[in-house]
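Me: I have a structure open and want to go through it piece by piece. Can you help me read it?
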Amino acid sequence: MELQPILGIKKGVTAVIGSGGKSTLLHTLAQELPGRILLCTSTHFMPYDDLPTLTEPTEEMLRQAFTAGRVVCAGRETAKGKLTDCGLPYEILADLADYVLVEADGSRRFPLKAHAPHEPVIPGNCRRVVCVVGLSGLHRPVREAVHRPEIFCPHTGCTPEDEVTAELVARGLIKEHLADTYLLNQMENETALQDAKIIASALKSQGCRVIGGSQRNREYKLL
């Protein structure tokens, strides 16, 4: 099953937040979605080796790039080789591309994260916010699995030494309430499936759309 229809991605701007597979999700959607696709960030991300990338892009540069191919990655270079926001208003980007996919969060490669007050950086004209949750972070100590445990612990009533449970993850996600759609990634065994069902039940009670699956195995289902 493709991710695009089950996530309900709409034309315009989509923000991807969370941890445990954001970059992979953006790349997958760029291949599945029709029309012109722009990959960019409101924070920072690594450019994709297999995609054309514009640095310091202008509106005209982006127009020309879309005449050569339907998928473009754009941003401004940083000293560490990453890309930051491309410097153009998202209203203009949405006019240039059918779908603008924005990596709007950072997690320092942890499978789970809690958000500081300045995070995530979601564009104002965003039509969908997808939060990725890495299930591989469960059943490990909070300090090993969660980016910003100093925020996660007060939100969920645990300590950095406690084991991350599905109930704690669900409590943290509901406390933050940052997305309308959740992808519970790395659902690759029976334990992960049962954890995903617990998290999904809590999120669905808040009116959220929840998808479980494995980006590695390209298997997904609506929970």
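Me: What phi does Gly-157 take just after helix 6?
Reply: Gly-157 takes a positive phi of about 75° there. Helices here are DSSP runs of H or I with at least four residues, strands are runs of E with at least two, and both are numbered from the N terminus.

Me: Before I go on, what kind of model is this?
Reply: This is a predicted model, where local features need pLDDT of at least 70, side-chain atom pairs count only at pLDDT 80 or more, and totals for chains, interfaces and linings use all residues. Residues are numbered from 1 along each chain as its sequence is written, and side-chain values use heavy atoms, with hydrogens and water left out.

Me: Back to helix 6. Which residues in it are buried?
Reply: Ile-151, Phe-152, Cys-153 and Thr-156 are buried. Buried means under 20% relative accessible area, exposed means over 50%, and partly exposed is in between, using a 1.4 Å probe and protein chains only.

Me: And what covers them?
Reply: The cover includes helix 5, strand 10 and helix 7. Contact means heavy atoms within 4.5 Å.

Me: New topic. How many salt bridges does a search of the whole structure find?
Reply: The search finds 10. A salt bridge is a side-chain nitrogen of Lys or Arg within 4 Å of a carboxyl oxygen of Asp or Glu.

Me: Which residue does Arg-143 pair with?
Reply: Arg-143 forms a salt bridge with Glu-161, and the closest N and O atoms are 2.8 Å apart. The pair links distant parts of the chain, 18 residues apart: Arg-143 is in helix 5 (residues 142-145), while Glu-161 is in the loop between helix 6 and helix 7 (166-176).

Me: Is Glu-161 buried or exposed?
Reply: Glu-161 counts as exposed, at 54% relative accessibility. Arg-143 is partly exposed, with a relative accessible area of 43%.

Me: Which residues are joined into one network by salt bridges that share partners?
Reply: Asp-105, Lys-113, Glu-119 and Arg-148 are. Within it, Arg-148 bridges to Glu-119, with the closest N and O atoms 2.8 Å apart.

Me: Where is Lys-113, then?
Reply: Lys-113 sits in strand 8. At 8% relative accessibility, Lys-113 counts as buried, and Glu-119 is buried too, with a relative accessible area of 14%.

Me: What does the side chain of Lys-113 make with that of Asp-105?
Reply: The two side chains make a polar contact at 2.9 Å. A polar contact is a pair of N or O atoms within 3.5 Å; within protein, one must be able to donate a hydrogen and the other to accept it, and residues adjacent in sequence count only if both atoms are side-chain atoms.
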